[in-house]
Amino acid sequence: EICGVFLPRCYYDGQDMHARQKMHVASCLAGLAFNTASLGINHSMAHQLGARFHIPHGRANAMLLPHVIEFNSDINHASRSQKEYLPAVERYASVAHVLGLSSYNPVMGVRSLVNWTQFMMKEMAIPMRISELKTISAVEYFDALDDMAEKALNDSCTATNPRPVTKEQIKHIYTKLW
């Protein structure tokens, strides 16, 4: 909730000290949460993008986030309501609700969160795809997929992902990110 309000303010006006203080608090709270709950494949995959292609960690995390939300929830643009959902769906729908996004049902909540994340990326000029960076060739990227997926799978952050993941699924997410 703090980030939803104050991150855009910080981006548009770096001199907004109130917004910067709020983001400092949000950052500290996130650090405490990460220390307790750990992270997941968003971070383990971002580690590999940074190590291999020197993409800043925050940017890599942002670029991966919509894809990882879809993976962890098993909800995408074609999803319909179901009788049961994966455990992450309720958490994502709750985040959507806190941000004031449309969340009349779990599918709508997750889709709203993905759309909001992509909107925020566009607002802050964060590329949606690796190909938009223009610094990495397709051959170079796809040649690295197998190794990056293996290393992401073995990263300590992967163990606490809310949904079990395979190397092939990680490769699929990296492929969608291209």
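I take a salt bridge to be a side-chain nitrogen of Lys or Arg within 4 Å of a carboxyl oxygen of Asp or Glu. By this rule I count nine salt bridges, and I keep in mind throughout that the model I am reading is a predicted one.

**Entry 1, salt bridges between helices.** I looked up Asp147 to begin with, and found that it forms a salt bridge with Arg52, the closest N and O atoms lying 2.3 Å apart. Asp147 sits in helix H7 (residues 138–154) and Arg52 in helix H3 (residues 41–53), so this pair ties together parts of the chain that are 95 residues apart in sequence. I then checked how far each partner is covered: Asp147 has a relative accessibility of 30% and counts as partly exposed, and Arg52, at 34%, is likewise partly exposed.

I turned next to Lys167, which forms a salt bridge with Glu150, with 3.2 Å between the closest N and O atoms. This pair also links distant parts of the chain, since Lys167 is in helix H8 (residues 167–177) and Glu150 is in helix H7, 17 residues apart. Glu150 is partly exposed, at 33% relative accessibility.

**Entry 2, a pair within one helix, and a network.** In helix H8 I noted Glu168 and Lys171, which lie three residues apart, about one turn of the helix, and whose side chains meet in a salt bridge at 3.9 Å, N to O. That distance falls inside the 4 Å limit, so the pair qualifies as a salt bridge. Glu168 is exposed, its relative accessible area being 52%. Following the partners onward, I find that Asp146, Glu150, Lys167, Glu168 and Lys171 are linked in a network of salt bridges.

**Entry 3, the largest pocket.** I looked up the largest pocket and recorded about 1800 Å³ of space in it. Of the 45 residues that line this pocket, those closest to its centre are Cys3, Ala30, Phe34, His43 and Leu65. Two or more lining residues come from each of helix H1 (2–12), helix H2 (17–37), H3, helix H4 (57–73), helix H5 (87–98) and helix H6 (106–123), with H2 giving the largest share, nine residues. Sorted by class, the lining has 28 nonpolar, 14 polar and three charged residues.

**Entry 4, the nonpolar cores.** The largest nonpolar core has 31 residues, and within it Leu49, Ile130, Tyr141 and Tyr174 have the most contacts. The elements that give two or more residues to this core are H3, H4, H6, H7 and H8. I followed Tyr174 further and, setting aside neighbours within four places in sequence, found it in contact with Ser44, Met45, Gln48, Leu49, Tyr141, Leu145, Met148, Ala149 and Ala152. There is also a second, separate core of 11 residues, which includes Ala88, Tyr92, Ala96 and Leu113.

**Entry 5, Arg111.** Is Arg111 buried or exposed? I find Arg111 in helix H6, with a relative accessible area of 16%; the limit for buried is under 20%, so Arg111 is buried. Not counting residues up to four places away in sequence, Arg111 touches Glu70, Ile75, Asn76 and His77. I also took the separation of Arg111 from His97, 14 residues away along the chain, and noted 12 Å between their C-alpha atoms.

Key:
Residues are numbered from 1 along each chain as its sequence is written. This is a predicted model: local features need pLDDT of at least 70, side-chain atom pairs count only at pLDDT 80 or more; totals for chains, interfaces and linings use all residues. Side-chain values use heavy atoms; hydrogens and water are left out. Helices (H or I, at least four residues) and strands (E, at least two) are DSSP runs, numbered from the N terminus. Buried means under 20% relative accessible area, exposed over 50%, partly exposed in between (1.4 Å probe, protein chains only). On a 1 Å grid over the protein atoms alone, a cavity is a set of points where a 1.4 Å probe fits but cannot get out, and a pocket is an open set with protein on both sides within 12 Å along at least five of seven lines; lining residues have an atom within 4 Å of a point. Grid points are joined across faces, edges and corners, and a volume is the space filled by probe spheres set on the points. Ala, Val, Leu, Ile, Met, Phe, Trp, Tyr, Cys and Pro count as nonpolar, Asp, Glu, Lys and Arg as charged, and the others, Gly among them, as polar. A nonpolar core is a set of buried Ala, Val, Leu, Ile, Met, Phe, Trp, Tyr and Cys residues joined through side-chain atoms within 4.5 Å. Contact means heavy atoms within 4.5 Å.
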